[in-house]
Amino acid sequence: MQPKQVMTNCIFCDIIAKTAPADTYYEDDQCMVIANINPLAPLHLLIIPRSHIASLNDMTSADEALAGHLVLVAKAMAEKMGIAEKGYRLALNTGRGGGQTVFHIHFHLLGGKPMDDSLLSRGIA
Ligand code: AMP
Ligand code: ZN
């Protein structure tokens, strides 16, 4: 396996390295799932790969298995947290225009209330 990419001055790399705190729901050799510090729904988790990949624009075919793993971890977390039946949102903001503010790729898993279009759209031009 390739050594994991780590970036200094990246809050999610710090959380992965456990030098910054997080409310951790799950972790494995490829990713961590933490609570969002500023939740937009009753359940708002972040699925974060251990490797520092800035955004979806930086993923390549070498990351195909990782991308699939992150999606399946999100599905498993939705089941574990009891929101799978009612429904939930899995979001991947990409670039500033896509609403991305932390440039270490991550999925948002949102649930616990009906989703509408106001979620994840905070008026970024
Ligand atoms: P995005 O805007 O898609 O890049 O999402 C970044 C998310 O990370 C935001 O929803 C923030 O609330 C969240 N966030 C930033 N810092 C932390 C942190 N230290 N712990 C947990 N969530 C964080
Ligand atoms: Zn990082």
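This note goes through the ligand 1 site, the zinc site and one buried arginine in a predicted model.

1. Surroundings of ligand 1. The shell around ligand 1 holds 16 residues. Asn36, Asn93, Thr101, Val102 and His108 are the closest of them. By class, the shell splits into eight nonpolar and eight polar residues, with no charged residue.

2. Polar contacts of ligand 1. Oxygen atoms of ligand 1 are met by both backbone and side-chain atoms of the protein. On the backbone side, an N or O atom of glycine 99 lies 2.9 Å from a ligand oxygen. For valine 102, a backbone N or O atom likewise lies 2.9 Å from an oxygen atom of ligand 1. From a side chain, a polar atom of histidine 108 is placed 2.7 Å from an oxygen atom of the ligand. Valine 102 and histidine 108 also appear among the closest residues of the shell.

3. Burial of ligand 1 and the elements around it. Taken alone, ligand 1 exposes 500 Å², and the protein buries 88% of that. Two elements give two or more residues to the shell: helix 1 (11-16) and strand 2 (31-35). Helix 1 supplies the largest share, three residues.

4. Zinc coordination. The zinc ion, ligand 2, has four donor atoms: SG of Cys10, SG of Cys13, ND1 of His52 and ND1 of His104. The coordination distances run from 2.0 to 2.3 Å. Angles among the four donor atoms are 106 to 118 degrees, and the site is tetrahedral. Along the sequence, the donor residues follow the spacing C-x2-C-x38-H-x51-H.

5. What the zinc site links. Cysteine 13 belongs to helix 1, while histidine 52 sits in the loop between strand 3 (43-49) and helix 2 (64-80), so this pair ties together parts that are 39 residues apart in sequence. Both cysteine 13 and histidine 52 are buried. Helix 1 therefore holds a zinc donor, cysteine 13, and also gives three residues to the shell around ligand 1.

6. Arginine 50. The loop between strand 3 and helix 2 also contains arginine 50. Is arginine 50 buried or exposed? Its relative accessibility is 17%, and the cut-off for buried is under 20%, so arginine 50 counts as buried. A polar atom of the arginine 50 side chain lies 2.7 Å from the backbone oxygen of aspartate 28. The loop thus carries two buried residues discussed here, histidine 52 and arginine 50.

Key: Residues numbered from 1 in each chain as written. Chains lettered and ligands numbered in written order. Predicted model: local features only at pLDDT ≥ 70, side-chain atom pairs only at ≥ 80, totals over all residues. Heavy atoms only, no water. Near = heavy atom within 4 Å. Polar contact = N/O pair within 3.5 Å; in protein donor to acceptor, adjacent residues only side chain to side chain. Areas by Shrake-Rupley, 256 points an atom, 1.4 Å probe, with all protein chains shown as cover. Helix = DSSP H or I, 4+ residues; strand = E, 2+ residues; numbered from the N terminus. Nonpolar A, V, L, I, M, F, W, Y, C, P; charged D, E, K, R; others polar. Donors = N, O, S within 2.8 Å, 3.2 Å for Na, K, Ca; no water. Tetrahedral: all angles 85-135°; square planar, octahedral: opposite > 155°, others 65-115°. Buried < 20%, exposed > 50% of the residue type's maximum accessible area, 1.4 Å probe, protein only.
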